[in-house]
Amino acid sequence: MKTRNPFLSLPVAAFITVAMVSCHQESRDNADGRLRESVATEIAEDLETPLPSLPYVVVYDEDSERLHVEKDPDFDRTALSIDALTQALVSNYPEVPLTVDRVSGDTLYASIVDAQYLTQQMGSTGAQTYLLEVTYAYTELPNIRAVHFAFEEGDHATPGTYTRDRFESEVVVR
């Protein structure tokens, strides 16, 4: 009876193992490369398309602990409309689903169906910044003096009617 030499099959087994590992590693490298390329493409696309500007820029000043509101010199006032402002606000704050319901007299009525992010996750300053930006944006329109927000109240934001005067004591307007 002839017996096999176990050392002769060892190189064959090693070759098969190395080939399998190489193929698996190459497949994973290709997948990782595609993933990195996809993420890089998304980032590049995001950087090429800046967020739409709003009529005013709101900045928190840590020294004075106050919000500062300034007219945005990049804002195209010829595109001033309810739809354009709504689109810019939704683009800048995709987590806050704002819709305009109607305009009555000098008041624009807006609703936020799911205000969880606004009222619970943005913090007090973030929520105040959002309400201020929306109010200042819409009251830049002729004949709009107030924005009435309808949403479920939370820890950091309260629904109701907002005007620029409501923010006077809390912000610095330049």
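**Notebook: salt bridge, sheet, hairpin, helix pair**

I began with charged side chains and found E140 and K71 meeting in a salt bridge, 3.7 Å from N to O. The model is predicted, so I take this distance as computed, within the 4 Å cut-off for a salt bridge. Where do the two partners sit? E140 is in the loop between α4 and β5 (146–150), and K71 is in strand β2 (residues 66–71). The pair therefore ties together parts that are 69 residues apart in sequence. I then looked up the total: the structure holds three salt bridges.

**The sheet around β2**

K71 led me to β2, so I followed its sheet next. I noted an open sheet of three strands, in the order β1-β2-β7. Its pairing is mixed. Which strands stand at the edges? They are β1 (56–61) and β7 (171–173). Each has a single partner strand, so one side of each is left without a neighbour in the sheet. I also looked up the twist. Neighbouring strands here are turned by 25° against each other on average, with direction ignored.

I checked the β1 and β2 pairing by itself. These two strands run antiparallel and are joined by six bridges. For a register point I took D61, whose bridge partner in β2 is R66.

**The β3–β4 hairpin**

I moved on to strand β3 (residues 98–104) and strand β4 (residues 107–112). They pair in the antiparallel sense, over six bridges. For the register here I noted V100, which stands opposite A110 in β4. How many residues lie between β3 and β4? The hairpin has two residues between its strands. One turn residue, G105, has a positive phi of about 65°.

**Helices α2 and α4**

Last, I looked at how helix α2 (residues 82–92) packs with helix α4 (residues 123–138). The angle is about 160° and the axes are 10 Å apart. Parallel or antiparallel? Angles over 145 degrees count as roughly antiparallel, and α2 and α4 therefore fall in that class. I recorded the crossing of α2 past α4 as right-handed.

I then listed the contact residues. From α2 they are I82, L85, T86 and L89. From α4 they are V134, A137 and Y138. What is the character of this contact? I sorted its residues into six nonpolar, one polar and no charged.

How values were computed:
Residues numbered from 1 in each chain as written. Predicted model: local features only at pLDDT ≥ 70, side-chain atom pairs only at ≥ 80, totals over all residues. Heavy atoms only, no water. Axes fitted to C-alpha atoms, helices over the stretch in contact; angles between N-to-C directions. Helix = DSSP H or I, 4+ residues; strand = E, 2+ residues; numbered from the N terminus. Parallel < 35°, antiparallel > 145°, perpendicular 65-115°, else oblique. Left-handed = near helix turned anticlockwise from the far one by under 90°. Contact = heavy atoms within 4.5 Å. Nonpolar A, V, L, I, M, F, W, Y, C, P; charged D, E, K, R; others polar. Pairing = 2+ DSSP bridges.
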